[in-house]
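Here's a quick look at charged pairs and one serine in this model. Have the viewer open as you read.

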Amino acid sequence: MTNEKNLFAERPNRFPWPPVIYVIALVLGALLGWALPSPWFLGSTSELLLGFGFIMILVALGIDFAAMTTMHRAKTTIMPHRGSRHLVTKGVFAFSRNPIYVANTMLVIGAGLISGIAWYFPLALIAAYATQKLAIEREEKHLESHFGKAYRDYKKRVNRWI
């Protein structure tokens, strides 16, 4: 445990996985939608889903903006491969320990609803899982290494996703 604790003391990762993972999901969804079109709803259902997709993307962007603003005010990094200086538990972080990743997953789903490409839905789940494995679990070790009991108490109060 001591070696693992030292490994994550400086920073959680050496590469910023989450933005790359979600960009790959968006690009791959578009490519799959072009190469292997999937069935989609027609008529008023399609229009309803389109509207819901725009709303989902606006909400996701709002969550992203709120999370980044909160982190900036706390004088800690928003970069997922850099070390945290302060434990952020206020604002959207009072509802999710990873609001930016929740919002990024919502963006991929919203892209699917707007474009009518069903491939985005499984890709959103795959991106969320990959983010958890490649980033979140390492970030949690980093935060526990840095903030100890304060972070463990926060983990008890607030869910990882939602």
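A salt bridge here is a side-chain nitrogen of Lys or Arg within 4 Å of a carboxyl oxygen of Asp or Glu. With that rule in hand, R97, E140 and R160 turn out to be linked in a network of salt bridges. A word on the ground rules: this is a predicted model, where local features need pLDDT of at least 70 and side-chain atom pairs count only at pLDDT 80 or more, while totals for chains, interfaces and linings use all residues. Residues are numbered from 1 along each chain as its sequence is written, and side-chain values use heavy atoms, with hydrogens and water left out.

How many salt bridges does the rule give? The count comes to six. Side chains of opposite charge can pair when their charged atoms come close. Three of the pairs are tabulated here, with the gap between N and O atoms.

| Pair | N to O distance |
|---|---|
| E140 and R97 | 2.7 Å |
| E144 and K155 | 3.9 Å |
| K149 and D153 | 2.8 Å |

Take E140 and R97, which form a salt bridge. E140 sits in helix α5 (residues 120-157) and R97 in the loop between α3 and α4, so this pair ties together parts that are 43 residues apart in sequence. (Helices are DSSP runs of H or I with at least four residues, numbered from the N terminus.) Are these two buried or exposed? Both E140 and R97 are buried, where buried means under 20% relative accessible area, exposed over 50%, and partly exposed in between, using a 1.4 Å probe and protein chains only.

The other tabulated pairs have their own settings. K149 and D153 are four residues apart in helix α5, so about one helical turn separates them. K149 is exposed at 52% relative accessible area, whereas D153 is partly exposed at 25%. For the pair E144 and K155, E144 is partly exposed at 25%, and K155 is also partly exposed, at 32%.

Now for the serine. S96 lies in the loop between α3 (43-73) and α4 (99-115). S96 counts as buried because its relative accessibility is 5%. What does the side chain of S96 reach? It gets to the backbone nitrogen of N98 at 3.1 Å. Beyond its neighbours within four places in sequence, S96 is in contact (heavy atoms within 4.5 Å) with V102, Y154, V158, N159, R160 and W161. One of those, R160, also belongs to the salt-bridge network with R97 and E140.

Note on methods:
Helix = DSSP H or I, 4+ residues; strand = E, 2+ residues; numbered from the N terminus. Polar contact = N/O pair within 3.5 Å; in protein donor to acceptor, adjacent residues only side chain to side chain.
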